[in-house]
Amino acid sequence: MQQIPPLWLSPESHLARSAPDHPILYFSPRVLHEVARRFRSGFPGLVTYAVKANPHPAVLSNLVAAGITAFDVASPAEMEAVRAASPDAVMHYNNPMRSEAEIAAGIEHGVASWSVDELSELEKLDAVPRSCELAVRFALPVAGAAYDFGSKFGAAPEEAVELLKQVAAKGWTPALCFHPGTQCEDEAAWVEYIHAAKKIVDEAGVQIARLNVGGGFAANRDGEAPDLEKVFAAIEKAADKAFGADRPILICEPGRAMVSESFTLAARIKGMRKDGEVVFLNDGIYGGLVDIRDMGLPGRVEVVSSDGKHRAGDRQPRVVFGPTCDSLDRLPDGLPLPCDAATGDYVLFPGLGAYSSAMSTQFNGYGLSDVATVIELAGQPAS
Ligand SMILES: *Cc1c(COP(=O)(O)O)cnc(C)c1O
């Protein structure tokens, strides 16, 4: 018989019972299903999932169960992970820089859509079947996201015009794609990109079947849930305004916003210095907290004692180090922790489903690998 791991009521109930001495991610499939439903009912087009945000088999199989049929993959290993979750999943290979061996793997895996942002890379794709879609990735100097993806990938609009013509001339189904940058909190970025896409289409004189508006949808960082529906509405309105009756099918590929809320990370306080001003956790920037180094401190943290009760003392800004012997292993200063937090307690970081376990290393013998499944993620005291 297949082993089915137990379902816990909440992180607090698991911590009180198991007292794990390693960092752990609590996964609520129910929350993931709710977010997937929100994207599928609100986004005016095809919702795909960017696997790199969290490729855990339980994430992929639950997204399949929630009705997600297409996945953005960037490597052969991600293709295999998607195939393991769903034999008929559609794959979009949107890492535009590929080796010959990676291209062969994409063909082998039956990738349906490929992005391209440079002529020399287009030439490498000659063996890709002409039944596939080729999406020209373009980039604008747009502000609004937490960091800029355009500096790595994406053709300038005038190059995109040329590429789009070549894609059509060579017999593939032409499309356009972009990514406004991760944790993009201003829907104006998508609006600007959609209007630029229309200009590229007009200048190339090539109709596009689909326009992929990327990921970048914001996750909840400070306790206030982002208004995804407002972003969806702005995208739909811009596409209608720019393309009118010729509006291409829209695609989105959220990573962060799809998966972040369905995981809470628990890291244990190993010890403290200077009367609790300095706190050492058993996870840090080489483990599941790497995204906090890049994105800044989250506004929501809780401290739970080993009996599962929440610490309620006044919050004090703390210096927080991770477990490795590297002095860079330190969170941005000022994490607000209750003053009664003690060694052996757990710090709960909600909203850490994206870019956490996916990026964790085993440096110094630490790292994040354990996942437990829970019904509820937020504020359920142990009973
Ligand atoms: C990383 C990535 C995504 C997901 O971005 P998020 O900011 O996590 O939503 C989507 N598409 C592509 C091509 C990516 O590289």
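What follows is a working chat about the two domains of a predicted model and three of its loop residues.

Colleague: I'm new to this one, so which domains is the protein divided into?

Modeller: Bear in mind that this is a predicted model. The protein is divided into domain 1, made of 7-26 and 263-374, and domain 2, which covers 55-254.

Colleague: How many Å apart are their C-alpha centres?

Modeller: The C-alpha centres of domain 1 and domain 2 lie 34 Å apart, and the contact takes 11 residues from domain 1 and 11 residues from domain 2.

Colleague: What area is buried between domain 1 and domain 2?

Modeller: About 820 Å² is buried between domain 1 and domain 2, and carbon and sulfur atoms give 58% of that area. On the side of domain 1, Phe263, Met295 and Arg300 supply 53% of the area that this domain buries against domain 2, which is more than any other three residues.

Colleague: And how do the residues on that side of domain 1 divide into nonpolar, polar and charged?

Modeller: The side of domain 1 that touches domain 2 has 7 nonpolar, 2 polar and 2 charged residues.

Colleague: How many salt bridges does the rule find across the interface of domain 1 and domain 2?

Modeller: The rule finds 0 salt bridges across the interface of domain 1 and domain 2, although 5 residue pairs are in polar contact between these domains, counting pairs with both residues at pLDDT 80 or more.

Colleague: Changing topic, where is threonine 182 found?

Modeller: Threonine 182 is found in the loop between β8 (173-177) and α8 (188-204).

Colleague: Is threonine 182 buried or exposed?

Modeller: Threonine 182 counts as buried because its relative accessible area is 4%, and its side chain is joined to that of arginine 256 by a polar contact of 3.1 Å.

Colleague: What is the phi of aspartate 275?

Modeller: Aspartate 275 has a positive phi of about 60°, although it is not a glycine. For context, most residues other than glycine have a negative phi. Aspartate 275 is found in the loop between β11 (263-273) and β12 (278-281), and with a relative accessible area of 81% this aspartate is exposed.

Colleague: And asparagine 364, what is its phi near?

Modeller: The phi of asparagine 364 is near 65°, a positive value in a residue other than glycine. Asparagine 364 lies in the loop between β16 (346-350) and β17 (370-374).

Colleague: Why is asparagine 364 called partly exposed?

Modeller: Asparagine 364 is called partly exposed because its relative accessible area is 40%, and that class lies between the limits of 20% and 50%.

Methods. Residues numbered from 1 in each chain as written. Predicted model: local features only at pLDDT ≥ 70, side-chain atom pairs only at ≥ 80, totals over all residues. Heavy atoms only, no water. Domains from an automatic or database assignment. Contact = heavy atoms within 4.5 Å. Buried area = accessible area lost by both parts, 1.4 Å probe. Salt bridge = Lys/Arg side-chain N within 4 Å of Asp/Glu carboxyl O. Polar contact = N/O pair within 3.5 Å; in protein donor to acceptor, adjacent residues only side chain to side chain. Nonpolar A, V, L, I, M, F, W, Y, C, P; charged D, E, K, R; others polar. Helix = DSSP H or I, 4+ residues; strand = E, 2+ residues; numbered from the N terminus. Buried < 20%, exposed > 50% of the residue type's maximum accessible area, 1.4 Å probe, protein only.
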